Amino acid sequence: MTVSLPLVAVLGFFAWGAVKFLGVRTWIVVLIALFGFWLSDTFLGPAIESGTRSGVDIVNGSHD
């Protein structure tokens, strides 16, 4: 059985866990998210996206 989750849902779950269980303040999570949006518009955006896709491909692997 294959379950497909969007990366943003997984990251959102970790952010919720950090706020709930680690005591990270909500404004810090929002600030980091806004920084990610700002960073994606720079010249590093394509490198970050390709690195993320490569990492997801490695984690998923091929199940022949």
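About 5,900 Å² of the protein chain is exposed in this predicted model. Carbon and sulfur atoms supply 71% of that area. Buried residues, in contrast, make up 6% of the 64 residues.

The fold is built from helices. The protein chain has 3 helices and 0 strands. Read from the N terminus, the order of elements is α-α-α. The C-alpha trace spans about 45 × 35 × 15 Å along its principal axes. The radius of gyration is 14 Å, whereas a compact globule of 64 residues would have a value near 11 Å.

Part of the surface is a nonpolar patch. Its members are Leu7, Leu11, Phe13, Phe14, Trp16, Phe21, Leu22 and Val56. Together these residues have about 920 Å² of accessible area. Helix H1, which covers residues 7-21, gives the most to the patch, with 6 residues. Trp16 is a patch member and lies in helix H1.

Aromatic contacts were examined next. A search of the whole structure finds 4 aromatic pairs. One of them joins Trp16 and Phe21. A pair of aromatic rings is described by the distance of the centres and the angle of the planes. For Trp16 and Phe21, the centres lie 5.7 Å apart and the planes are at 85 degrees. The pair counts as edge-to-face because that class takes angles over 60 degrees. Ring pairs also extend beyond these two residues, linking Phe13, Phe14, Trp16 and Phe21 into a cluster. These four aromatic residues belong to the nonpolar patch as well.

The two partners of the edge-to-face pair fall into separate accessibility classes. Trp16 has a relative accessible area of 48%, so it is partly exposed. Phe21 reaches 64%, so it is exposed. The dividing value between these classes is 50%.

Charged contacts are few in kind and simple to list. Side chains of opposite charge can pair when their charged atoms come close. The structure holds 1 salt bridge. It connects the side chains of Glu49 and Arg53, with 3.0 Å from N to O. Both residues lie in helix H3, which runs over residues 45-60. They are 4 residues apart, about one turn of the helix. Glu49 is partly exposed, at 43% relative accessibility. Arg53 is exposed, with a relative accessible area of 53%. Neither partner is therefore buried, since that class requires a value under 20%.

Conventions: Residues are numbered from 1 along each chain as its sequence is written. This is a predicted model: local features need pLDDT of at least 70, side-chain atom pairs count only at pLDDT 80 or more; totals for chains, interfaces and linings use all residues. Side-chain values use heavy atoms; hydrogens and water are left out. Patches are made of residues with over 30% relative accessible area and no salt bridge: like charges are joined within 9 Å, nonpolar side chains (Val, Leu, Ile, Met, Phe, Trp, Tyr) within 5 Å. Accessible areas come from the Shrake-Rupley method with a 1.4 Å probe; for residues, only the protein chains shown count as cover. Helices (H or I, at least four residues) and strands (E, at least two) are DSSP runs, numbered from the N terminus. The radius of gyration is taken over C-alpha atoms; the globule rule is 2.2 Å times the number of residues to the power 0.38. Buried means under 20% relative accessible area, exposed over 50%, partly exposed in between (1.4 Å probe, protein chains only). Rings of Phe, Tyr and Trp (its six-membered ring) pair if their centres lie within 6.5 Å; planes under 30 degrees apart count as stacked, over 60 as edge-to-face and the rest as tilted.
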